[in-house]
Amino acid sequence: MKRVLRVLQSTADNIAAAMLAAMFITFIVQIVSRYFFNMPLAWTEEVCITLWLWLVFWASAFCLKETDHIRFDVLYAVSPRKIQRVLALIAALGIAGGMAYAFFPTWDYISFYKIKKSANLRIHLNYIFSIYGLFMIVIVLRYSWSALTQIFPRLNSLFSDENPS
């Protein structure tokens with residue numbers, strides 16, 4: 001199972017790298033066409049913005065570990081391990097619960113955007129913003145798992161190389 005997760009993690013990282021490379025190439029095309037040929041291309045800006053949106057939510061959902069995210073953990077860091085587990089459980093339940101609660105209204109809003117298209121490429125906006133729905137699902141799953149591992153620490157040993165606390 002750990003090997004499968006490593007392959008999935010590597011694949012997610014490669015997809016993020018491909019999006020970043022595509023965004024960079026599109027940016028270079030934009031610069032060359034504007035400043036060398038005096039022919040600005042409107043579609044390049046739209047592609048860069050869309051790739052940036054997808055990159056941010058893709059990487060946040062699939063590439064970053066929980067410890068990579070910014071957090072304010074001054075009280076958490078100085079607390080005893082049992083209190084840390086309680087605080088981590090409360091945070092995980094709050095994040096998973098909040099995202100789960102907001103999912104259907106958010107998905108309705110994303111779905112509403114099927115009536116609009118992007119300005120240059122004419123892509124339906126619900127496709128462009130669908131990455132946020134995927135992000136929400138992954139965050140609910142990740143933090144639900146985090147809550148379970150706070151309650152049952154031995155679950156950590158199933159999927160990670162860390163020692164259970």
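Let's start with helix α5 and a bit of arithmetic. At 1.5 Å a residue, the 27 residues of α5 should span 39 Å, and the C-alpha atoms at its ends are 40 Å apart, so the expectation and the model agree. I say "model" on purpose, since what you see above is a predicted one. Now look along α5 until you reach I131: there the helix bends by about 25 degrees.

We can try that ruler on another helix, α4. Its 32 residues should span 46 Å at 1.5 Å a residue, and since its end C-alpha atoms are 45 Å apart, that agrees as well. Where does α4 bend? The place is F103, where the bend is about 45 degrees, and a proline, P105, follows within four residues.

And here is α1. With 35 residues at 1.5 Å each, α1 should span 51 Å; the C-alpha atoms at its ends are 50 Å apart, which agrees.

Okay, stay with F103 for a moment, if you can find it on the screen. This residue is buried, because its relative accessible area is 17% and the limit for buried is under 20%. Next to it in the numbering is F104, and is that one buried or exposed? F104 counts as exposed, because its relative accessibility is 60% and exposed means over 50%. The two rings form an aromatic pair. Altogether the structure holds 10 aromatic pairs. F103 and F104 make up one of them, and their arrangement is edge-to-face, with 5.3 Å centre to centre and 75 degrees between the planes. In case those two numbers look odd, a pair of aromatic rings is described by the distance of the centres and the angle of the planes. Elsewhere, ring pairs link Y109, F112, Y113 and F129 into a cluster.

Back to α4 as a whole. Which of its residues are buried? They are Q84, A88, A92, A96, M99, F103, T106 and I110. Among the elements that cover these buried residues are α3, which runs over 74-78, and α5.

On α1, the buried residues are A12, A16, M19, M23, T26, Q30 and S33, and the buried residues of this helix pack against α2.

That brings us to the core. In soluble globular proteins, nonpolar side chains tend to be buried together. Here, the largest nonpolar core has 25 residues, and W58, C63, M99 and F135 are those with the most contacts inside it. Two or more residues come from each of α1 (2-36), α2 (42-63), α4 (81-112) and α5 (125-151). Which helix gives the largest share? It is α2, with nine residues.

Let me pick out C63. Leaving out residues up to four places away in sequence, C63 touches Q9, A12, D13, A16 and W58. You may remember A12 and A16 from the buried residues of α1.

Another residue to click on is F57, in helix α2. Once residues up to four places away in sequence are set aside, F57 touches I131, Y132 and F135. We met I131 earlier, at the bend of α5. There is also a nice example here of chain distance against distance in space: F57 and G133 are 76 residues apart along the chain, yet their C-alpha atoms are separated by 9.5 Å.

Now for a pair of serines. S33 lies in helix α1, and S33 is buried, because its relative accessible area is 6% and the limit is under 20%. What does its side chain find there? A polar atom of the S33 side chain lies 3.3 Å from the backbone oxygen of Q30. Apart from neighbours within four places in sequence, S33 is in contact with N38, M39, P40 and L41.

One of those contacts, N38, deserves a look of its own. N38 sits in the loop between α1 and α2, and its phi is near 50 degrees, a positive value in a residue other than glycine. Is N38 buried or exposed? It is exposed, because its relative accessible area is 67% and the limit is over 50%.

The other serine is S118, in the loop between α4 and α5. S118 counts as buried because its relative accessibility is 4%, where buried means under 20%. Its side chain reaches the backbone nitrogen of R122 at 3.1 Å. Beyond its neighbours within four places in sequence, S118 is in contact with E46, I123, L125 and I128.

And R122 makes a good place to stop. R122 is found in the loop between α4 and α5, and its phi is near 60 degrees, a positive value in a residue other than glycine. Thanks for listening, and do turn the model around yourselves!

How values were computed: Residues numbered from 1 in each chain as written. Predicted model: local features only at pLDDT ≥ 70, side-chain atom pairs only at ≥ 80, totals over all residues. Heavy atoms only, no water. Core = buried A, V, L, I, M, F, W, Y, C linked by side-chain atoms within 4.5 Å. Buried < 20%, exposed > 50% of the residue type's maximum accessible area, 1.4 Å probe, protein only. Contact = heavy atoms within 4.5 Å. Polar contact = N/O pair within 3.5 Å; in protein donor to acceptor, adjacent residues only side chain to side chain. Expected span 1.5 Å × (residues − 1). Bend = angle between axes of the 7 residues up to and from the residue. Phe/Tyr/Trp six-rings, centres within 6.5 Å; stacked < 30°, edge-to-face > 60°.
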